[in-house]
Amino acid sequence: MSDVTLDQMLGKSWRKPAFVKNAALRWTLIVGFVVYLIAAYLTIEVDWGRVYVGLDRGWAFVLAFTSPDFTSRWSDIWSGLLESIVMTVAASVVGIAISIPIGLGAARNIAPLPVYMICRGIVAISRALQEIIVAILLVAIFGFGPLAGFLTLSFATIGFLSKLLAEDIEAMDRVQAEAIKASGARWTQWINYGVQPQVMPRLVGLSIYRIDINFRESAILGLVGAGGIGATLNTAFDRYEYDTAAAILLLIIGIVMALEYLSGIVRARVQ
Amino acid sequence: MLRLQKLTKTYKTGDQALKAIDLDVPKGQVLALIGPSGAGKSTMIRCINRLVEPTSGAVLLEDVDLTGLGSGALRKARREMGMIFQEYALVERLTVMENVLSGRLGYVGFWRSFLRRYPQPDVDEAFRLLDRVGLLHMADKRADELSGGQRQRVGICRALIQNPKLLLVDEPTASLDPKTSRQIMRLITELCQERGLAAIINIHDVALAQMFVPRVVGLRFGEIVYDGLPTGLTPDKLTEIYGEEDWEATIEKVEEEQEEIEAAE
């Protein structure tokens, strides 16, 4: 390539080099993927008769949103909401507190290899086990109620926050941290002055986002018996009380939106 | 005061950044380290305070070999060496005052530094230094609100508040305009004189080096190829350091600028 002269190149057309160089392989991959996609869609069976029956029920559910019933089950809704909020706050605080040291350990540029491996392992386990599966297991161990939900959400928070925090630490500006090290700072001071200011906005943003997720998850966990507003929602569905279910869903949407608005304000302030 | 003996750095890739460097820096001497990119200038000053671990050789700071120190002793030794960086390396989200006081981290305990409760003499010294570089009114501004020249002044304060014996200065002017570059170089050399500090200044602007320092060391491919007065940098010598180029213009320009500055002052 190095001995190409300009005369040879002039007049030749130019295209961006293909991502997969071998043309045969490239076309096999494209055609194979399209064929698989079509075959995959064909395997999904649709029972149109069942869909027709279900439409009525679905429509009743949608209609319920026009007349949500907050009053007749209000005391159940209120205690469910309180339980969810308690679970969310408690699990977020514990989860975030545990995530920070694990996140530090899972960042390759500041942790020695053995610590890194252990912390990455914890993150991987936490991320591999979905909340519902963990909740089912913990309900089996601790029984029905918010304790199982609280532990599930704490566990899930660790995987989420540690991983993203570690990635932010790995992407930080090395020289700023180096300057702190050069002054003779000890390790803890180095983290506090050289690393923390760089990752703080992202840590705060992620934490608020995680609180938001934890609240939404707390509505799901009730379905498997782990307490919270989800339990109330589940009961409402079981009794075909769609107007109460609608009221609960509207409350969840309202709270999530309020949290979203709050996180916007906080993130703008810590930038 | 500082003596490098057969200092060698070989990176994992096999690149020899430093080839058995021997160098003596007496107390209070400011020297400029010049050389092309990749000559090992940056590696050399980072090997002195062990931000980069040297492969072999010795770094003697007042007869203590820094290369053999454990982590605690190394921290104590680093307090003796202030460092000034190319892109200022201020912690951008901290205030000017926090950045300056971070130079005292080697002297204060964790909780004091965590709560930002520094001993009053440290705080007074920080104010004094900021006043000296003309930034006292910026003390509570965040570092990223400052201009390049202002940031480098804060960087200088951070290095000096360590009360060091030696300054390691890595391309202090590389991201500054020509006028600010000169002001920063003048400030560094003046402060070194006031405090009797030795300094090693990495710089790739030959003209600037010639204007401000009494001794120039030229580095090429990890070896010292020139060590002497700035006036001894003839076109032949520069060719030896940097490679073939027409150097007459560079050298003449220096003399003209020198006259201009003298005329201005």
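A helix, as the word is used on this tour, is a DSSP run of H or I with at least four residues, numbered from the N terminus. The model to be toured is a predicted one.

**First stop: L262(A)**

Select L262(A), whose place is in helix α11 of chain A, spanning residues 242-270. Is this residue buried, partly exposed or exposed? Burial requires 20 or more other C-beta atoms within 10 Å, and an exposed residue has 12 or fewer. L262(A) has 13 C-beta neighbours inside 10 Å and therefore counts as partly exposed. Next, add Q189(A) to the selection and draw the distance between the two C-alpha atoms: the separation is 31 Å, for residues 73 apart along the chain.

**Second stop: where chain A meets chain B**

Display both chains and select the residues in contact across them. On chain A there are 19, and they face 22 residues of chain B. Two helices of chain A, α8 (174-182) and α9 (187-221), each supply at least two residues of the side that touches chain B. Of the elements on that side, α9(A) gives the most, with eight residues. Colouring the side of chain A that touches chain B by residue class shows eight nonpolar, eight polar and three charged residues.

**Third stop: chain B as a whole**

Now hide chain A. Chain B contains ten helices and ten strands. Its C-alpha atoms fill a box of roughly 55 × 50 × 30 Å along the principal axes. The radius of gyration of chain B is 19 Å, which agrees with the value near 18 Å for a compact globule of 265 residues. Of these 265 residues, 40% count as buried. Among contacts in chain B between residues at least 6 apart in sequence, 69% join residues at least 24 apart.

**Fourth stop: a four-stranded sheet in chain B**

Select strands β1, β2, β4 and β5 of chain B. They form an open sheet in the order β2-β1-β4-β5, with antiparallel pairing. Which strands stand at the edges? They are β2 (16-25) and β5 (64-65) of chain B; each has a single partner strand, so one side of each is left without a neighbour in the sheet.

Then restrict the view to β1 (residues 2-10) and β4 (residues 56-61) of chain B, which pair in the antiparallel sense over five bridges. Within this view, R3(B) stands opposite L60(B) in β4(B).

Finally, add helix α1 of chain B, residues 41-48, which packs on the sheet and touches β1, β2 and β4 of chain B. The direction of α1(B) makes about 60° with that of β2(B).

How values were computed:
Residues are numbered from 1 along each chain as its sequence is written. Chains are lettered from A and ligands numbered from 1 in the order in which they are written. This is a predicted model: local features need pLDDT of at least 70, side-chain atom pairs count only at pLDDT 80 or more; totals for chains, interfaces and linings use all residues. Two residues are in contact if their C-beta atoms, placed from the backbone, lie within 7 Å. Ala, Val, Leu, Ile, Met, Phe, Trp, Tyr, Cys and Pro count as nonpolar, Asp, Glu, Lys and Arg as charged, and the others, Gly among them, as polar. Two strands pair if DSSP finds at least two bridges between them. Axes are lines fitted to C-alpha atoms, for helices over the stretch in contact, and angles run from 0 to 180 degrees between N-to-C directions. The radius of gyration is taken over C-alpha atoms; the globule rule is 2.2 Å times the number of residues to the power 0.38.
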